[in-house]
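Reader: I've got a structure open on my screen and some questions about its charged pairs and strands. Could you walk me through them?

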Amino acid sequence: YSRIPTSGVVNISGSVNGWNLDSQATQNPYTWFYSNGDLTISSQANLGNKKAIIFVNGNLTISGRINISKGDGFFAAIVSGDINIDPGVSHPNQPGIEGVYLSDRTIRTGTANPSADSRLYVRGSLIAWNSIILQRDLDPSRTTNANQSSAAEYIEYAPDLILNFPPQLLRDNPVWEEIAP
């Protein structure tokens, strides 16, 4: 958080609608959001080609899909606590969430109704310094073999996110180390 520009940070707290993120985010430069406490994204956010980064000093709950334009948009959530993804965040053939999600503690993918879990499709990265808990189960009764033919959590690598990563968050000085022959 100390690396971002001091002006232009949008303070948010509690619960924020996805459309609120849409309306405040910009294409270029990046829009920086900050929440000093737990935050819930309560509905779908279609950011398109906008670039938004959320810093949360607490836990983040994602209750709606977060989508960006492939190749143009960027979204990141950098969280000091846990990231909890609501079980309703899913889509049959499109990403439920896109972006880079970094937690200092744990990421939980969310479990739905034990009789009808839905697949979580992530286009981007999930990074947790403690653990990532994959909770979804497409066949809790073990009668249809759904878990054998489909992944309950599907994470797609998105190299365009690396290209759109904010330079303010990159390391200024590379680490060089001589290796003995």
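**Salt bridges and strands**

Reader: Let's start with Asp 82 and Arg 108: how far apart are the closest N and O atoms of their salt bridge?

Author: Keep in mind that this is a predicted model. Asp 82 sits in the loop between β9 and β10, while Arg 108 is in strand β12, so this pair links distant parts of the chain, 26 residues apart. Asp 82 and Arg 108 form a salt bridge, and the gap between the closest N and O atoms is 3.1 Å.

Reader: Is Arg 108 buried, partly exposed or exposed?

Author: Buried would need a value under 20%, and exposed one over 50%. Arg 108 has a relative accessibility of 27%, so the label is partly exposed.

Reader: And which label fits Asp 82, buried or exposed?

Author: The same cut-off applies here, under 20% for buried. Asp 82 comes in at 13% relative accessibility, so Asp 82 counts as buried.

Reader: Asp 82 also forms a salt bridge with Arg 105; how far apart in sequence are the parts that this pair ties together?

Author: The closest N and O atoms of Asp 82 and Arg 105 are 3.4 Å apart. Asp 82 lies in the loop between β9 (74-79) and β10 (83-85), and Arg 105 in the loop between β11 (97-103) and β12 (106-108), so the parts tied together are separated in sequence by 23 residues.

Reader: Which residues are linked in a network of salt bridges?

Author: Asp 82 has a salt bridge with Arg 105, and Asp 82 has one with Arg 108 too. That gives a linked network made up of Asp 82, Arg 105 and Arg 108.

Reader: What about Asp 160, which residue does that one form a salt bridge with?

Author: Asp 160 is in helix α3 (residues 159-163) and its partner is in strand β13 (residues 120-128), so the pair ties together parts 37 residues apart in sequence. Asp 160 is buried, at 12% relative accessible area, and the partner is buried as well, at 3%. The closest N and O atoms are 2.8 Å apart, and the partner is Arg 123.

Reader: How many salt bridges does a search of the whole structure find?

Author: The ones we've gone through include Asp 82 with Arg 108 and Asp 160 with Arg 123. Across the whole structure, the search turns up 5.

Reader: Over to the strands: how many residues of β9 are buried?

Author: β9 runs parallel to strand β6 (residues 51-56), joined by 6 bridges, with Val 56 opposite Val 79. β9 also pairs with β11 in the parallel sense over 4 bridges. The strand is mostly covered, and the buried count out of its 6 residues is 5.

Reader: Which residue in β11 is the bridge partner of Ala 77?

Author: β9 and β11 are paired in parallel, and Ala 77 takes part in a bridge to β11. The partner there is Tyr 101.

Reader: Last one: which are the edge strands of the open sheet of 6 strands?

Author: The order is β2-β4-β7-β10-β12-β14, with parallel pairing. An edge strand here pairs on one side only, and the two that do so are β2 (14-16) and β14 (131-133).

How values were computed: Residues are numbered from 1 along each chain as its sequence is written. This is a predicted model: local features need pLDDT of at least 70, side-chain atom pairs count only at pLDDT 80 or more; totals for chains, interfaces and linings use all residues. Side-chain values use heavy atoms; hydrogens and water are left out. A salt bridge is a side-chain nitrogen of Lys or Arg within 4 Å of a carboxyl oxygen of Asp or Glu. Buried means under 20% relative accessible area, exposed over 50%, partly exposed in between (1.4 Å probe, protein chains only). Two strands pair if DSSP finds at least two bridges between them.
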